[in-house]
Amino acid sequence: MEITLATKNDIDGILPLQKQIYRVKTLPENARQILDELIESQDCDVLIAKTNNEIVGTGTVFYLQNPAHGRPYAFLEGIVVDEKSRGKGIGTALSKFAIELAKKKNCYKIIFTSGSDRTDIHKFYENLGFK
C-alpha cells in the first residue's frame, strides 16, 4: 500500500469513492472540476491510498488560517476506504499521513468529522486518539 498526494491523473479513481463516503447515487456535473481545483489548491491536500496501482482510499485535508493563533488548523474531510478494501489498515494509514501533513504545515490542531450515525467511524477515530 502507498499513500501519496493526488494528481489530476487520479481523479477517475477518486470520484467513485466520493459516492461511498457521502452516500449519494450520483455526483454533480461539476464534481470533476471541483476535485481538479482541490488538487491544485495550496489550501488543501487530496490524499490517495493505492494498492496494486488501484486507488482504494482518499481524503482531503483543508488548511484554514486562524489569525488568533497565527497559523492554520487542519480539517480532514471525506476520508474513505473502498468497501472491498476495508479492515486492512488503509484508513489508519491515510489518517496518520494526514496528521503528519498537518504537523509539517505547523497546524495547531486537526479536526476529523463524521456523521452522527456512523458509530463505527467514531470508534475508528477514538482508536487514533481523537475524541
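These are my notes on the second largest pocket and on one helix that helps to line it.

**Starting point.** I'm working with a predicted model, so everything here is computed rather than seen in an experiment.

**The pocket.** I looked up the volume of the second largest pocket and got about 270 Å³. Next I asked how many residues line this pocket. The count came to 15, with Gln18, Tyr22, Ile34, Leu35 and Leu38 lying nearest the centre.

**Who supplies the lining.** Four elements each give two or more residues: helix H1 (11–22), helix H2 (31–40), strand E3 (54–66) and strand E4 (71–81). I sorted the lining by class too, and found 9 nonpolar, 5 polar and 1 charged residues.

**Gln18.** I picked Gln18 out of the group nearest the pocket centre and found this residue in helix H1. Is Gln18 buried or exposed? Its relative accessibility is 19%, and the cut-off for buried is under 20%, so Gln18 counts as buried. Then I checked contacts, skipping neighbours within four places in sequence, and Gln18 turned out to touch Arg23, Leu27 and Thr58.

**Helix H2.** I moved on to H2, where Ala31, Leu35 and Ile39 are buried. These residues sit on the same side of H2, because they cover an arc of only 70° around the axis. What covers the buried residues of H2? The cover includes H1 and strand E2 (44–51).

**Tying up.** Leu35 shows up twice in my notes: among the residues nearest the pocket centre, and among the buried residues of H2. H1 also comes up twice, as a contributor to the pocket lining and as part of what covers the buried residues of H2.

Methods. Residues numbered from 1 in each chain as written. Predicted model: local features only at pLDDT ≥ 70, side-chain atom pairs only at ≥ 80, totals over all residues. Heavy atoms only, no water. 1 Å grid on protein atoms, 1.4 Å probe; cavity = no way out; pocket = protein on both sides within 12 Å on 5 of 7 lines; lining within 4 Å. Points joined across faces, edges and corners; volume = space filled by probe spheres on them. Nonpolar A, V, L, I, M, F, W, Y, C, P; charged D, E, K, R; others polar. Buried < 20%, exposed > 50% of the residue type's maximum accessible area, 1.4 Å probe, protein only. Contact = heavy atoms within 4.5 Å. Arc of directions from axis to C-beta.
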